[in-house]
Each structure stands twice: as structure tokens, then as C-alpha cells.
Amino acid sequence: MHQKTGHAYEKADERYVMSKYKLISFDMDGTLLNSKKEISRKSLEWIKKAVDSGKEVILSTGRSVAELSGYIEQIPGLRYINCVSGALVYDLKEDKKIYSNAMSAETVKKILEISRFEDCMPHIMTDDSIIQKCDYENMEHFQMENYIPLFEKVAMKVDDIRKFYEEHNFPVEKFNIYYPTPEERAHMKERLRGLDVELIYVENTSLEISAKGVTKGVGLLKLCEHLGISPEDTIAVGDSDNDIEILKTAGLSVAMENANETVKELCDVTVADCDHDGCAEAVEKYLLG
């Protein structure tokens, strides 16, 4: 995997840096989406300019394919998505998986059992997005109220998620658990450490669980291999911990102004926040500049 050698971008020959990149990857929540969960008109305009210039624009997100349905139609020229945090790379034009790394049914059952008596909201993510009806009616308790409109549209709401899973037994690309407080999330993370999984904090009180080795960075590498391009010729834009590996993997790492301090520290450059067209700035300055 490509490793950063420092903030060399600032001292680089700008004409070379500006012209070399072939692909830009955007995280969604906190990055391409503003605080209203919308893509700004300016961002869409600059994405169109990028596509018209022959650049590849992709999404690298923790969301599932189902949770991207309303946005996919908006983004000009979008073909590839690196979703569920890198567990699935998908070709929208061919309607097929390029790469997938899912957790086994046995692992998912263990997670469901460990979380059984926790005050939490389990969320199973494959091509579908599966939650419990009772949790959906109480999403504010789990600090997930911003996602109520999304879950209303795309989530499969079952009466008992554990019983549902026992009856169907399928591989799962990502399992999220939402908690009322960061302390309860941290407690759950410790309880899950014995499992062969990746555990990452997202949002304020959410825990993201994926198969061992799954990161957005791996997803980017798999897509680069498929497209025949070098990771050095890519840009990644993000804001949170589950973006760290893709930011390390890409040739140029871009932090949103609203990113956490860890992300800002490792990135080569920073752009405006998600409510002030930082993604449009990334395209204008670093992909097409």
C-alpha cells in the first residue's frame, strides 16, 4: 500500500501535480453531503466538469448501495462506488460487483449475540440496509435523527433483526451499531475485540464493523487495479476515521475543514467544510486546476 512521505504536495511542481490525477474519490457524509444531507449545486457542476474532462469521479462511503440510490442519479457520469467502507466495489453501468469482502454468517451471529442485551441499534448492511422497526421509531435516542429520512426511504424494517438473520443466514459486508453515548460504544468495542473484524468509530456514537482487512483504501486499490491506473494518480477527500486508510492510499489526500484533527494532520491539503463547497474546491484546485 502507498505510504505518505509527508506533506510534499506544498513543495511540488504545481503544473505536474495538477495534471497527473485521473480519479477523485469522495466520502459522502461530512464530505460531499452538506449538513442537510444534500449535494450542493456547485459541487455537482464541478463534478460534471471533471467527468467532461475525462476524469473518473467515484464515491468511497460507508453507505450501502441501497442508501446511495437517491444520490447516484444526481451525480453526472458516476459509474463506480467503493461502498460499505471498502467491503464492496461496484460497477453501476454493468450492475456487478468488482470486489467484495463480507463477514461470515458465524461472525454476524456472534455480533448479534454479544449486542443482544446492549442499549443499541444494530444495522446490517449488504446490498440492502436492514434495521429493526422498534429502533427506527427511536433513532433520536441513538443520535441518528439525521438519518431518519434516509432510513424511511431505503431501509428494510424487520420486527426482530436477530430472528430475521437466523432465518436467512447470509454474508454481511458491514454491520453498524448505534449507541446513545460514546462511552457505551467504547464498552461494546472492547467486548468485540476478540472477533476477527475491523472496528472503527464513526459519527458521534456509532461503531462500524467489517471483515478483517476491509478499508476504503483497499477498495480504492481494487478499483485502481480494475481500471489499470496507479493509486498515485488518485485524489481522496474525506473527514473521519473510516477515511484514514484511503487518504493514506491515494496520491493526494484532502481533508474537509470539518474533518477531525487526526484526518487533518495526515492529509496533504485542506479545503472548505462540507457546507461551503469543499468538494468543488478540491476538483477545481487539485483535479482540474
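This report describes selected strands, helices, salt bridges and one buried residue of a predicted model.

## The parallel strands β12, β13 and β14

Strand β13, which covers residues 252–256, is mostly covered, with five of its five residues buried. Burial extends to both of its faces: Leu-252, Val-254 and Met-256 lie on one side, and Ser-253 and Ala-255 lie on the other.

Strand β13 pairs with two strands that are described here. Strand β12 (residues 234–238) runs parallel to β13 and is joined to it by four bridges. Within this pairing, Val-237 stands opposite Val-254 of β13. Together with helix α10 (residues 244–249), strands β12 and β13 make a right-handed β-α-β unit. Strand β14 (residues 269–271) also pairs with β13 in the parallel sense, over three bridges. Here Met-256 is placed opposite Val-271 of β14. Between β13 and β14 the chain passes through helix α11 (residues 261–266), and this β-α-β crossover is right-handed.

## The antiparallel strands β3, β4 and β5

Strand β4 (residues 88–91) is likewise covered on both faces. Leu-88 and Tyr-90 are buried on one side, and Val-89 and Asp-91 are buried on the other.

Strand β3 (residues 80–83) runs antiparallel to β4, and four bridges join the two strands. Tyr-90 in β4 is the bridge partner of Ile-81. The hairpin of β3 and β4 has four residues between the strands, and Val-84 in this hairpin takes a positive phi near 40°. On to β5 (residues 96–100), strand β4 pairs in the antiparallel sense over four bridges. Ser-100 in β5 is the bridge partner of Leu-88. The hairpin of β4 and β5 also has four residues between its strands, and Asp-95 in the turn has a positive phi of about 55°.

## Helix α9

Helix α9 consists of 12 residues, 216–227. At 1.5 Å a residue it should span 16 Å, and this agrees with its end C-alpha atoms, which are 16 Å apart. Buried residues in α9 are Lys-216, Gly-217, Val-218, Gly-219, Leu-220, Leu-223 and Cys-224.

The two ends of the helix can also be described. At the N-terminal end, Thr-215 acts as a cap, with a side-chain oxygen 3.2 Å from the backbone nitrogen of Gly-217. After α9 comes Gly-228, whose phi is positive, near 75°.

## The surroundings of Thr-31

Thr-31 belongs to the loop between β1 (23–26) and α2 (41–52). Its relative accessibility is 1%, so Thr-31 counts as buried, given that buried means under 20%.

The side chain of Thr-31 makes a polar contact of 2.9 Å with the side chain of Asp-27. Leaving aside residues up to four places away in sequence, Thr-31 touches Val-237, Gly-238, Asp-239, Met-256, Cys-274 and Cys-279. Among these, Val-237 stands opposite Val-254 in β13, and Met-256 stands opposite Val-271 in β14.

## Salt bridges

The whole structure holds 19 salt bridges. One of them joins Lys-22 and Asp-233, whose closest N and O atoms are 3.9 Å apart. Lys-22 lies in the loop between α1 (14–20) and β1, whereas Asp-233 lies in the loop between α9 and β12, so this pair ties together parts that are 211 residues apart in sequence. Lys-22 is partly exposed, with a relative accessible area of 42%, while Asp-233 is buried, at 15%.

A further salt bridge connects the side chains of Glu-106 and Lys-110, at 3.6 Å from N to O. The two residues are four apart in helix α4 (residues 105–114), which means that they are separated by about one helical turn. Glu-106 counts as exposed at 54% relative accessibility, and Lys-110 is partly exposed at 39%. The side chains of Glu-190 and Arg-193 also meet in a salt bridge, at 2.8 Å from N to O. Arg-193 is partly exposed, with a relative accessible area of 48%. In addition, a network of salt bridges links Asp-27, Lys-216 and Asp-243. Within this network, Asp-27 is the polar contact partner of Thr-31, and Lys-216 is one of the buried residues of α9.

How values were computed: Residues numbered from 1 in each chain as written. Predicted model: local features only at pLDDT ≥ 70, side-chain atom pairs only at ≥ 80, totals over all residues. Heavy atoms only, no water. Buried < 20%, exposed > 50% of the residue type's maximum accessible area, 1.4 Å probe, protein only. Polar contact = N/O pair within 3.5 Å; in protein donor to acceptor, adjacent residues only side chain to side chain. Contact = heavy atoms within 4.5 Å. Expected span 1.5 Å × (residues − 1). Pairing = 2+ DSSP bridges. Right-handed = clockwise from strand over helix to strand, strands pointing away. Salt bridge = Lys/Arg side-chain N within 4 Å of Asp/Glu carboxyl O.
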